[in-house]
Amino acid sequence: MQTIEGFDFFPLTFDAEGTLESRPEFDTFLARAKDGPATDAVFIAHGFRNDVNDATSLYSSFLRTFRAHLSRPEFKTVATRLFVVGGVYWPSKPFRETYDEKAAGTRGLQNPAEALASAQVQLDDLKKDATPAQRAKLDKAAKLLPALGGNGKKQDEFVALVLSVVDGRTLDATEGLPQVRKQKGSELLARLNDAPAEGTRGIGNIFGGIAGGVGAFLNLTKWYVMKDRAGTVGAKGVASAVRELHDKLPALKIHLVGHSLGGRLMASCAKALSESPIMQPDSLMLLEAAFSHYGFSANNGRGKPGFFRDVVTRKVVKGPFLSTFSAQDTVVGGPYSIMSRLAGDNTREIGDASDEYGGIGRNGPLKTEEVATVPLHAPGTAYDYRADVINNLDGSGGFIKDHSDVANDVVTYAFASAVART
């Protein structure tokens, strides 16, 4: 057991399939919650491209500013409660880097050798959790790299081989994967290359002028793998842990918090908890979540409910349901802007609320009636959270300055206010 800012903290590690690898740590977590006895348990999940140190830094910062709020008079009752915290660690990227990440997607590359090396590293990353059949296809794709230049047939084959790693993924249609699949590989790479990344010019002799497209395509593929993985960890791993904790300690209040793809992880957890027998967490907070802004909608624009609609209709969250968004979150908008480019839609602002492929952390939940949108409040200004809706907290204009700005005192004041309502 560790202690962070006076909170008993337990690192809970899950593999790519949602298996809890740190069972002894979870058993200690259960024992501490029982023996405390704890009144509240917080599960918090990091996002994409976070290693152990990144995730721990996020958790420490979040708990630091949350702890500071407990000295405020409006939270004097919350301050008397005993919290245990489960920090979720999931494989959102390789934990040991073998290359400079700023070069990912061929950014900053100076020569053909670097372009090849960057693409090979990205393929190797995709292989780490692929099936044997998928790894064989990725090996074949790697052998095609030097021959992609000017060869549409090999580009088509390359794209098909790489996309094998997302076969069978269950993502909302508005996440854009169907739009990727229905295009010829050569056309896909060309369209992704329309706005060349800095540093890709001058290396066209190795990728036939599509170096930026190859890098963007590999990053996009990894993004889909990570989105699916986040969902798997949330639905199979964290949801099972939450159920076990609740079954053993039914009076314990449970709070779910997730940042970026960790928000998708926690939304997936909540969706799994909506299945019979339903288990209601006491609060849910999505921090700049990275999934479609139609994820909770009754109609995602394609005649179907959003992927996480059940969380709303089945009223899974017993207490406050919070979701932050900010116009300054360009990271969430990034992958979705790629989808708009692939859809050929140049009439709308990339990534904003009019973009079919926008993200919830950029725009909040859209096409969703059960939403109450209010600005984030400075600490000291009370919230009037509504029940059975998504309390959509707008951090635009300075309260959430970028995608990672989710542990500041404004954000954790909103969380503390939610905890106080439970």
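1. Terms and model. Contact here means heavy atoms within 4.5 Å. The model is predicted. Keep both in mind for the points below.

2. Overall make-up. The chain has 422 residues, and 57% of them are buried. Its secondary structure comprises 14 helices and nine strands. Take the contacts between residues at least 6 apart in sequence: 76% of these join residues at least 24 apart.

3. Serine 323. This residue sits in strand S7, which spans residues 321–325. Its relative accessibility is 0%, so serine 323 counts as buried. What does serine 323 touch, once residues up to four places away in sequence are set aside? The partners are Leu286, Ile360, Ile390, Asn391, Asn392 and Leu393.

4. Asparagine 392. One of those partners, Asn392, belongs to strand S9, residues 390–394. Asparagine 392 counts as buried because its relative accessibility is 2%, and buried means under 20%. With residues up to four places away left out, asparagine 392 touches Ser323, Phe325, Gly364, Pro365, Val371, Ala372, Thr373 and Val374. Asparagine 392 and phenylalanine 321 are 71 residues apart in sequence. Their C-alpha atoms are 8.5 Å apart in space.

5. The cavity. How many cavities of 30 Å³ or more does the count give? The count comes to one. The volume of the largest cavity is about 90 Å³. Its lining is made up of Val311, Val312, Lys315, Val316, Val317, Gly319, Phe321, Glu370, Asp388, Val389 and Ile390. By class, the lining has seven nonpolar residues, one polar and three charged. Two residues already mentioned return here: Phe321 and Ile390 are both in the lining. Ile390 is also a contact of serine 323.

6. Lysine 315. Lys315 is among the residues that line the largest cavity. Its place is the loop between helix H11 (309–313) and S7. Check the backbone here: phi is near 50°, a positive value in a residue other than glycine. Is lysine 315 buried, exposed or partly exposed? Its relative accessible area is 43%, so lysine 315 is partly exposed.

7. Arginine 49. A second positive phi to check, about 60°, belongs to arginine 49, which is not a glycine. Arginine 49 is in the loop between S3 and helix H2 (52–69). With a relative accessible area of 24%, arginine 49 is partly exposed.

8. Histidine 46. The loop between S3 and H2 also holds histidine 46. Histidine 46 is buried, because its relative accessible area is 1% and the cut-off is under 20%. Which residues does histidine 46 contact, leaving aside its neighbours within four places in sequence? They are Ala55, Leu58, Tyr59, Val88, Tyr89, Trp90, Ser92, His259, Leu261 and Gly262.

9. Valine 52. Helix H2 contains valine 52. At 39% relative accessibility, valine 52 counts as partly exposed. Along the chain, valine 52 and tryptophan 90 are 38 residues apart. Their C-alpha atoms are separated by 8.9 Å. Trp90 is one of the contacts of histidine 46 too.

10. Cis peptide bonds. Two sites are worth opening in the viewer. Glycine 36 and proline 37 are joined by a cis peptide bond, with omega about -15°. Proline 37 is in the loop between helix H1 (23–35) and strand S3 (40–45). The peptide bond from serine 276 to proline 277 is also cis, and its omega is near -5°. Proline 277 falls in the loop between helix H10 (261–273) and strand S6 (283–287).

11. Packing of H5 and H7. Helix H5 covers residues 152–162 and helix H7 covers residues 185–192. How do these two helices pack? The angle is about 90°, and the axes are 7 Å apart. An angle from 65 to 115 degrees counts as roughly perpendicular, so H5 and H7 are roughly perpendicular to each other. From H5, the contact uses Gly152, Gln155, Asp156 and Val159. From H7, it uses Gly185, Ser186, Leu188 and Leu189. The residues of this contact divide into three nonpolar, four polar and one charged.

Definitions and conventions:
Residues numbered from 1 in each chain as written. Predicted model: local features only at pLDDT ≥ 70, side-chain atom pairs only at ≥ 80, totals over all residues. Heavy atoms only, no water. 1 Å grid on protein atoms, 1.4 Å probe; cavity = no way out; pocket = protein on both sides within 12 Å on 5 of 7 lines; lining within 4 Å. Points joined across faces, edges and corners; volume = space filled by probe spheres on them. Nonpolar A, V, L, I, M, F, W, Y, C, P; charged D, E, K, R; others polar. Axes fitted to C-alpha atoms, helices over the stretch in contact; angles between N-to-C directions. Helix = DSSP H or I, 4+ residues; strand = E, 2+ residues; numbered from the N terminus. Parallel < 35°, antiparallel > 145°, perpendicular 65-115°, else oblique. Buried < 20%, exposed > 50% of the residue type's maximum accessible area, 1.4 Å probe, protein only.
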